[in-house]
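Biologist: I'd love a close look at a single part of this model, with the surroundings filled in afterwards. Could you walk me through one helix and then show me how the rest of the chain is laid out?

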Amino acid sequence: MSDGSVGVSIRNASRRYGTFLALDDVSLDINPGEFVSLLGPSGSGKTTLLGVLGGFVMPSSGSIRFGARDVTYLPPHKRDIGVVFQNYALFPHLTVGENVAFPLRARHEPKSTWPERVARALEMVELGGYQDRSIAQLSGGQRQRVALARAFVFRPKLILMDEPLSALDKQLRESMQIELRHLHRRLEATIVYVTHDQREALTMSDRIAILRGGRLVQVDTPEGMHDRPATAFVASFIGEATLLPALRAGGDGVSVGGTTLRCAKPLPAAARLLLAVQTEKLMVAGPAEGPQDPALNRLSGRVADVIYQGESLRVFVTLDGGARVSLRQPAHYLGRLAIPAIGDPITVLLHPRDTIVVAEDEA
Ligand SMILES: Nc1ncnc2c1ncn2[C@@H]1O[C@H](COP(=O)(O)OP(=O)(O)OP(=O)(O)O)[C@@H](O)[C@H]1O
Ligand SMILES: [Mg+2]
């Protein structure tokens, strides 16, 4: 992309703690300027992989390159990276300006350049003029912004972040996600971002890398992750999916609880299949639907519950086969008109392209 960023190449990286494999043969290429999130449940190896990139954790085997440079055994301070952690790690006795200037001091950058660079970094996180404040005077969100400014003040080509927003409340976290996205565009740096929050990963990332038990399960764009989950684990981890046992019904069809559904994509070769019914892919069949489209999959059942959630209504449906799925309907009255009362019959629609069948995971 630009010379403000660097590509990262991880080759067969593993990390053992005794006999335990925290990172298991991970290979991943990150493009210059890309925003990649490492997503996975607790203990899946996200922080370990980030540590390997930052030089805080030595891989037991494998190699790491930044561009053409092999950095596998380079200490952190020689890697030219910016780092942001969950707990800010600011120096409480220094001012905001002194905190942000810290990496410039550590790198022996000419002192005359500091004030302007610090001012510019603070402006980028919307803390212009905050140089002389003490850290104690700042809110949690402001502290995290200072930590961000400190991470990029020296214009690193790669920035590593480990759950930097998890200490913030929901509203602030969501606005910071959007800000980080914009900041990433302006900085042009490559960003590797650790989170266990799939929504956060979807909001910010160019690509998401899903980890499970130290292994890389799938690397894809946010949309690709939804459309082509490689395993049942990915399908249930991304978004809100219900997994239902599915049987081959010939050609592009699967049978789920006695109903045959058509799939636009080829079925996996595995013996045991699951239909991943994603909440956001279902629609209530209503009077507004018009002539019945034979190309759509139809699932019938009864309304089990309707929950008002502000911007949407969550509708729970017990399908005729007994399985429970849910969908969202807009909370405005046009959306509500389509929903029968609790206990009444309902038909939900699923497009063949949204009919996602995955192999049942081995373990
Ligand atoms: N220094 C260590 N010694 C022994 N085991 C470790 C060490 N560091 C990490 N582990 C183990 O490696 C596995 C992966 O840890 P890691 O911190 O990378 O997970 P994570 O995905 O970042 O989880 P979380 O979301 O909880 O932060 C865990 O089972 C952890 O207990
Ligand atoms: Mg972690």
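Modeller: Happy to! Let's take helix 5, residues 170–187, in what is a predicted model. Helix 5 has 18 residues and covers 25 Å between its first C-alpha and its last. That is close to the 26 Å expected at 1.5 Å a residue.

Now for its two sides. The buried residues in helix 5 are Met176, Gln177, Leu180, Leu183, His184 and Leu187. Looking down the axis of helix 5, you find these buried residues within an arc of 135°, so they line one face of the helix. The general background is that an α-helix has 3.6 residues a turn, so residues three or four places apart point the same way. On the face turned away from the buried side of helix 5 sit the exposed residues Gln171 and Arg185.

What does the buried side pack against? The buried residues of helix 5 pack against three other helices and three strands, namely helix 3 (114–124), helix 4 (140–152), helix 6 (198–204), strand 3 (35–39), strand 7 (158–162) and strand 8 (190–195). Right after helix 5 comes Glu188, which has a positive phi, near 65°.

With helix 5 in place, here is the wider setting. The chain holds nine helices and 20 strands, and 47% of its 363 residues count as buried. Along the principal axes, the C-alpha atoms fill a box of roughly 70 × 45 × 35 Å. Among contacts in the chain with a separation of 6 or more, 64% come from residues 24 or more positions apart.

Helix 1, residues 46–54, makes a nice companion to helix 5. Helix 1 is mostly covered, with eight of its nine residues buried. Those buried residues are Lys46, Thr48, Leu49, Leu50, Gly51, Val52, Leu53 and Gly54. Gly55, just after helix 1, takes a positive phi of about 90°.

Lys46 and Thr48 also bring us to ligand 1, as both are among the residues around it. The others around ligand 1 are Tyr17, Phe20, Ala22, Pro41, Ser42, Gly43, Ser44, Gly45, Thr47 and Glu163. A polar backbone atom of Gly43 is 2.8 Å from an oxygen atom of ligand 1. For Thr47, an N or O atom in the side chain lies 2.8 Å from a ligand 1 oxygen atom, and for Thr48 the corresponding side-chain distance is 2.5 Å.

Next, the sheets. One open sheet has four strands in the order 2-1-4-5, paired antiparallel. Strand 2 (20–30) and strand 5 (69–70) are at its edges with a single partner strand each, so one side of each has no neighbour in the sheet. Strand 4, residues 61–66, pairs with strand 5 in the antiparallel sense over two bridges, and Phe66 stands opposite Arg69 of strand 5.

Strand 1, residues 8–17, is where you will find Ser14. Ser14 is buried, with a relative accessible area of 11%. Beyond its neighbours within four places in sequence, Ser14 is in contact with Leu21, Leu23, Asp24, Asp25, Pro59, Ser60 and Ser61.

Further along the chain, strand 17 has antiparallel partners in both strand 16 and strand 18. Seven bridges join strand 16 to strand 17, with Asp305 paired to Phe316 in strand 17. Another set of seven bridges joins strand 17 to strand 18, residues 324–330, where Val315 has Leu327 as its bridge partner in strand 18. Strand 17 is mostly covered, six of its eight residues being buried.

Each of these two hairpins has a glycine with a positive phi. Between strand 16 and strand 17 there are three residues, and Gly310 has a positive phi near 85°. The hairpin of strand 17 and strand 18 has four residues between the strands, and there Gly322 has a positive phi near 105°.

Gln309 lies in the loop between strand 16 (297–308) and strand 17 (312–319). Gln309 is partly exposed, at a relative accessible area of 34%. Setting aside neighbours within four places in sequence, Gln309 is in contact with Arg314 and Arg328. From Gln309 to Ser326 the separation is 17 residues in sequence and 13 Å in space, C-alpha to C-alpha.

Terms used
Residues numbered from 1 in each chain as written. Chains lettered and ligands numbered in written order. Predicted model: local features only at pLDDT ≥ 70, side-chain atom pairs only at ≥ 80, totals over all residues. Heavy atoms only, no water. Pairing = 2+ DSSP bridges. Expected span 1.5 Å × (residues − 1). Buried < 20%, exposed > 50% of the residue type's maximum accessible area, 1.4 Å probe, protein only. Arc of directions from axis to C-beta. Contact = heavy atoms within 4.5 Å. Near = heavy atom within 4 Å. Polar contact = N/O pair within 3.5 Å; in protein donor to acceptor, adjacent residues only side chain to side chain.
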